[in-house]
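Biologist: Could you take me through one part of this model up close? I would like to hear about its second helix and what surrounds it.

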Amino acid sequence: MEAGKVADKLKEIFKLLSLNRQLESFVKDDFVSFEPIETLIQDLSQRDAVVSLNHIGFCYKTDSQTQERQTLTNSVPDSN
């Protein structure tokens, strides 16, 4: 997929997320510098530490982080 299409899809996702008042900052134009991200990716690549980048992370509240971690771990035993 070409970079322009990826960027457009990410904008669509962030615009959708911004419908929630707490997430509206997703569509602001004050992005962080890409230098630290580039350095991180280069470092991980040199170590052959990147298996895949296949999702955008998100946060959510839970009553118990320990229990949630265990539930997630148990739900994906056969995946990498």
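Modeller: Happy to; here is a walk along that helix, followed by a look at the rest of the chain. A word on the ground rules: this is a predicted model, where local features need pLDDT of at least 70 and side-chain atom pairs count only at pLDDT 80 or more, while totals for chains, interfaces and linings use all residues. Residues are numbered from 1 along each chain as its sequence is written, and side-chain values use heavy atoms, with hydrogens and water left out.

The chain has three helices and zero strands, where helices (H or I, at least four residues) and strands (E, at least two) are DSSP runs numbered from the N terminus. Helix α2 covers residues 35-46. Its twelve residues reach 16 Å from first C-alpha to last, close to the 16 Å expected at 1.5 Å a residue; the expected span is 1.5 Å times one less than the number of residues. After α2 comes aspartate 48, with a positive phi near 55°.

Isoleucine 41 lies in α2 and is partly exposed at 41% relative accessibility (buried means under 20% relative accessible area, exposed over 50%, partly exposed in between, with a 1.4 Å probe and protein chains only). Together with Phe34 and Ile37, Ile41 makes a nonpolar surface patch of about 300 Å². Patches consist of residues with over 30% relative accessible area and no salt bridge, like charges being joined within 9 Å and nonpolar side chains (Val, Leu, Ile, Met, Phe, Trp, Tyr) within 5 Å. Areas come from the Shrake-Rupley method with a 1.4 Å probe, and for residues only the protein chains shown count as cover.

Next come the charged side chains. Aspartate 43 and arginine 47 meet in a salt bridge, 3.2 Å from N to O; the term stands for a side-chain nitrogen of Lys or Arg within 4 Å of a carboxyl oxygen of Asp or Glu. Aspartate 43 is partly exposed at 29%, whereas arginine 47 counts as exposed at 61%.

The whole structure holds two salt bridges, and one of them joins glutamate 12 to lysine 9, with the closest N and O atoms 3.8 Å apart. These two residues are three apart in helix α1 (residues 3-17), so about one helical turn separates them. Glutamate 12 is partly exposed at 48%, and lysine 9 is partly exposed at 47%.

Finally, the wider setting: of the 80 residues of the chain, 1% count as buried.
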